[in-house]
Structure formats: C-alpha cells, structure tokens
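I opened a new notebook page for this structure. These entries record what I looked up, one topic at a time.

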Amino acid sequence: MQATDYIIVGAGSAGCVLASRLTESGKHRVTLIEAGGSDTALSLSNFFIHLPLGYGKLFYNPSVNWMYATEPDPGLNGQRDHWPRGKVLGGSSSINAMVWIRGHKADYDEWGAENPGWGWDEVNAAYRAIEDNEAGADAFRGQGGPLFISANRTGLHWLVDDYIRACGQAGLPYNPDFNGEHQEGAGHYQMTIRKARRNSTARAFLRPAMKRGNLQVVTRAQVTRVLMEGRRAVGVEYLKDGQRHELRCRAEVILSGGAVNSPQLLELSGIGNGAHLQGLGIPVVLDNPNVGEHLSDHQGINYTFRMKVPTYNDMLRPWWGKLLVGLQYVLTGGGPLSKSINHGGGFFRTRADLARPNMQLYFQAFSTLLPKAGERPLLTPDPFPGLSIGLSNCRPTSRGSIHIRSADPLAHPKIVANVFATDHDVQEMLEAVKYLRHIAAQPALAGLIAEELRPGPAVQSDADLIHDFRQRSGTVYHHSCTARMGRDPAGSVVDARCRVHGVAGLRVIDASAFPNLIAGNTNAPSILMGWKGAEKVLEDAR
Ligand SMILES: Cc1cc2nc3c(=O)[nH]c(=O)nc-3n(C[C@H](O)[C@H](O)[C@H](O)COP(=O)(O)OP(=O)(O)OC[C@H]3O[C@@H](n4cnc5c(N)ncnc54)[C@H](O)[C@@H]3O)c2cc1C
C-alpha cells in the first residue's frame, strides 16, 4: 500500500465525488476504501446495476447490498423494515431508483441558517456545477458538469399523461421541473441515467478519476475503526481477505460510509455516547451522544389499482414480454428496461396553509402485490394490469437512532427507525392518503381504473387508513442525519466544514452529515455533500 494523504471510507454517492475532486489537482494522494466489490466485474448483479430497471433485482441481493433490518417498530404495528444499502463501487447510487431531486429551496436555507456555506444560493451554484442536465441550463439547471441528468421526457408509459391530468383536475398543476423555482406540482422525474445506463457516482465521477496516478481504490475491504492518537485521527484499520491491515495517512480520514455505517464507525472508534461505549468495552475518545441520533427518513406507501388498460405488468411478466422488452432495449436502447419504474411524480401540500409541499408522489404504471411462492415481494409484476401511486412524507418529525450493539465491527448495528412516532407524522400521512384517492377519483384516471386493490374500498375510516399505512408502509431509503452538521457540539456531530467536533483530522461527508432531511430523494444532496465537502477539505489543505 502506498503512503497516502487522505483516506476516504466508502465509495458511495458522496465518497466517489470526494475521490474525484480531491485527486483533480494532482497534489494529493488519496486512498478510497470500499467494503463492496467493483461494479464492472463480470457478474449478474453488476448487469442489473447498469440496466436501469434492474434495480428491482438488487433490493435483496447480498452481493451488492448490506441488507439491514430495523428493530420491530411500534409505528409499523411491530414489524421490522428492510433497509437495502449499496455495498459496491457507487454505493447506494448503484442500486437506487435514479430519481434526481434536489429538495426545496427553503430546506437549504434552513441548512445555511446554522451552517455557513450551505444556504440555497451556495447550494444552487454547486448543483449547477455538478449537473450536465439534458433539459438545458438556466438559473437552476447546470450543463457541462460531470453528472449527466436525463430529462426523461420520451419513451414514457402513456398513463403518465393521464396521471398528470388527474393531478391537475385534483388541483395540483403540472410542474415542468421539480428542481426549478417551484417544487410543488405533478410532472416527470429527472433521472441519473445516461445513454440507457445507470449513471451512478462510480460511473460519472470515480471511473474518470481512477485514471489518475494519485488515486488508489481498495475494494472488498471493510474499515473496522479509525486509528486515533489522542484526539487526532491518523489512519484506519481494515479487513481484507480475512486479514487485518492498518493504513496511516498524512492529512485526514474522511468517513463516507453512509447514514448507517458512518455513525457505526465513529462509535467503533470511541466517538459517541460515552456510557454506551464504555458498556461495550470500547475506550472513549470523545463523548458525544449525538452520534447515531437524529435519524431522519422518509416513509412511503403505495396505493395499487387494477386497470382496465394495459400497464407494464402485461409486458414485464410473461416470458415473451420479457423477450420483447429485452430486444427493445438491446436494439434501440429504449423501452421500460431503460428507465426507473417511477416515470412521474409530484409534490403537494396536505393543507393549504402550509408554506411548502410536505408530501411527494410517485407514479408507476406497474404493480407487484403477489410474489411467487418463496419469492420476495417487489420483484414480480402482478398477473393483471396494475398501477401504483405512491407517496412519502417530506419533513417527518419522528426521529430514530442507529447504534452499535457490540464491539464487533462486522455485526450490524441496532437500527431503531421509530416511524410514525408523532401525531404530526400520522395526521399528515392520513391527509395525504385521502388526497391520493382524490387524485385517482378524477375523470382522467377514474375511467381507466377497474378497482382499488390495496388497501381496497373497505378501508375507509381514519382508524382503518392509519392501521393500513402502519401495516404496509416502508422506508423510501432516505436515511440521514445520524452524524448531523451543526454549530453546537451539544446538538450535532460535525461542523459546517464537516469536521467532527472535538477531534482533529476526521470528517464525515455523506448523508449522515445532513443537518436536516430535505424534501425529496437523497442521492442529489449526498452528491452535493461530496462536492462541497471536497471544497472544504481542499480549502483547509492550503
Ligand atoms: C433501494 C434504494 C433506492 C433509492 N432510490 C433513490 C432515488 O431514486 N433517488 C435518490 O435521490 N435517492 C435514492 N435513494 C437514496 C440515495 O441513493 C442515498 O441517500 C445515497 O446514495 C446515500 O449516499 P451516501 O454517500 O451517504 O451513502 P452510500 O451511497 O450508501 O455509500 C456508502 C458506501 O460506503 C461503503 N461502506 C460503508 N461502510 C464501510 C466500511 N466500514 N468500510 C468500507 N466501506 C464502507 C458502502 O459499501 C457504500 O459503498 C435510494 C436508496 C436505496 C437504497
């Protein structure tokens, strides 16, 4: 192993961007350590990474996925939730649903109010520099940056137009760009898809950087703790091929392991709740009980309808349909395999007096309620034309936590999701599912729908609707804030430069460092973390 200036732990959405930006000038040697394997080695999992619709095959695939489970959650009627996280170059950007949403302007003004440099104007400038947006450049969209964003306007299922018209009839007008001036409305999602292939951060940022001599990437190597000398990080310990290794660095260690693994690594390294660490026999380097707390996440539910008209189920289920869409993809680069299943979506307010949208919509001309015997749900299209309209909350007030259970670095941490723990979250979801039904009842959709299958027309009372979403909802995979940024160490883990409070030479740069959860999907803000975090690192190196 060559001597290195920076060690980045985790090649995910943020880590790949960091590796790219820190090696750009050629002045710094960087080592990126990733627990998962390469995303380009010949394997079926990697095939499904690059085929956009293939992510449906990765939700339960341990070769590229950490496969976490939450504790039984009272908010989910005592059930556990399944938490996929990417474990491969590109991290969760290699297994996600590719929707490109930045969040609401006001979210970033909240970030910036306490954290200098993270307000909307600074963040918008960074997003414009990151993007190569097919929809063109304007005051919000960027062109010429490293990350191609597909406008996703062609080859969509025709039912998207009916959905958008139904939203208009329900009082939610068309919005041509959720990442523009206004977030509210119904429309199409922009996608991290380029030339009919997933545009993960491994593809857009890491591969070009890997041509540089000053970046070394170590795969299938799991960092087990940060090496500390007093309160200074000096390197990491990692396991590769069953062997324990140590790597020291001249400058800094940067944790980009994501919202589950970064707090886990901090705790394994003696940074966290002192009493908890002592109880596990881990010497305490810094007592900060915020590590692993403030867990924020979006919770989603699908309403599913049997349609009178064909949906993707009719193509994606029978063998001849699979053959046809496969041929369509190979010969034209188009068809359903070339896209995420979420062709459209939207943002709405559950009450008119709210200042900004508090709910997000997902439209899928597809349904999957009936897995084959022994097969996981999510994978099999139903044997009838089905359609799903999903929604998730934007700014939930329930908070969970992630903490290690033992000093064993290979043991999964204890995840307490604690969803729907506040009346606020329950009430707004109740209002939201009623509005979802209101959309489906509009003339543009109602005549095409044969029946509502889930939850079904018998579920009408508030109590039944609440029971239903506690029973059927799940994470939409936006875990964040577990090493949150803030001015005051009494309420946060890192400062506005992503430096761990009270410790030298150590930063956290990934979704765990979000000060608050933004309204929307979290790949864009994780990439933003990597992009702006790298600027802070480089400024401090001067
Ligand atoms: C199934 C799914 C669907 C999603 N859909 C969308 C979507 O459509 N749009 C959207 O915007 N967001 C989506 N998200 C969320 C988004 O992808 C994540 O929020 C984002 O990728 C998080 O980035 P990150 O850098 O914080 O962590 P990650 O991208 O998860 O990266 C962390 C990396 O660190 C590695 N790592 C962890 N611990 C260690 C260790 N100890 N040693 C070495 N390496 C380690 C991991 O293997 C991983 O590669 C989805 C997520 C999932 C899982």
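**Ser492**

I started with the burial of Ser492 in this predicted model. I counted 24 other C-beta atoms within 10 Å of Ser492. The cut-off for a buried residue is 20 or more, so Ser492 counts as buried. Ser492 sits in the loop between strand 25 (474–475) and strand 26 (506–508). I then listed its contacts, leaving aside neighbours within four places in sequence. They are Asn290, Arg484, Met485, Gly486 and His501. I also checked Pro289, which is 203 residues from Ser492 along the chain. Their C-alpha atoms are separated by 8.9 Å.

**Leu528**

Next I looked up Leu528, which has its place in helix 14. Helix 14 covers 523–541. Is Leu528 buried or exposed? Leu528 is buried, with 24 other C-beta atoms within 10 Å. Not counting residues up to four places away in sequence, Leu528 touches Val123, Ala126 and Tyr127. I took Leu239 as a second reference point for Leu528. The two are 289 residues apart in sequence and 29 Å apart in space, C-alpha to C-alpha.

**Helix 3 and helix 4**

I turned to the pair formed by helix 3 (residues 105–114) and helix 4 (residues 120–130). Their axes come within 8 Å and cross at roughly 120°. Helix 3 brings Lys105, Tyr108, Asp109 and Gly112 to the contact. Helix 4 brings Trp120, Glu122 and Val123. I sorted the contact residues by class and got three nonpolar, one polar and three charged. Val123 had already appeared in my notes as a residue touched by Leu528.

**Helix 1**

How many residues of helix 1 are buried? I found eleven of the eleven, so helix 1 is largely enclosed by the rest of the structure. The buried residues include Cys16, Val17, Leu18 and Arg21. I asked what they pack against. The strands on that list are strand 1 (4–9), strand 2 (30–33), strand 12 (215–218) and strand 15 (243–255). The helices are helix 6 (201–209) and helix 14.

**Ligand shell**

I then went to the ligand and found 41 residues around it. Which of them come nearest? They are Gly10, Gly12, Gly91, Asn521 and Asn523. Helix 1 (13–23), strand 13 (221–229), helix 7 (258–268) and helix 14 each supply at least two residues of the shell. The largest share, four residues, comes from helix 7. By class I noted 17 nonpolar, 20 polar and four charged residues in the shell.

**Domains**

I checked how the chain is divided and found two entries, domain 1 and domain 2. Domain 1 takes 1–38 + 84–147 + 195–295 + 403–411 + 481–542. Domain 2 takes 153–188 + 299–393 + 420–472. Their contact uses 14 residues from domain 1 and 13 residues from domain 2. On the domain 1 side, I sorted the touching residues into nine nonpolar, two polar and three charged. The domain centres, taken over C-alpha atoms, are 32 Å apart.

**Backbone details**

I looked for unusual backbone geometry next. The peptide bond from Arg454 to Pro455 is cis, with omega near 5°. Pro455 is found in the loop between strand 24 (449–454) and helix 13 (462–472).

Met67 has a positive phi, near 55°, and is not a glycine. I placed Met67 in the loop between helix 2 (44–50) and strand 3 (68–69). Met67 is partly exposed, with 15 other C-beta atoms within 10 Å.

Arg220 also has a positive phi, near 50°. Its loop runs between strand 12 and strand 13. Arg220 is partly exposed, with 15 other C-beta atoms within 10 Å.

**Whole chain**

I closed with totals for the chain. The secondary structure comes to 14 helices and 26 strands. The radius of gyration is 22 Å, close to the 24 Å that the globule rule gives for 542 residues, so the chain is as compact as a globular protein of that length. The C-alpha trace spans about 70 × 50 × 50 Å along its principal axes. Of the 542 residues, 53% count as buried. I also looked at contacts with a separation of 6 or more. Residues 24 or more positions apart account for 68% of them.

Note on methods: Residues numbered from 1 in each chain as written. Predicted model: local features only at pLDDT ≥ 70, side-chain atom pairs only at ≥ 80, totals over all residues. Near = placed C-beta within 6 Å. Nonpolar A, V, L, I, M, F, W, Y, C, P; charged D, E, K, R; others polar. Domains from an automatic or database assignment. Contact = placed C-beta atoms within 7 Å. Rg over C-alpha atoms; globule rule 2.2 N^0.38 Å. Buried ≥ 20, exposed ≤ 12 C-beta atoms within 10 Å, placed from the backbone. Axes fitted to C-alpha atoms, helices over the stretch in contact; angles between N-to-C directions.
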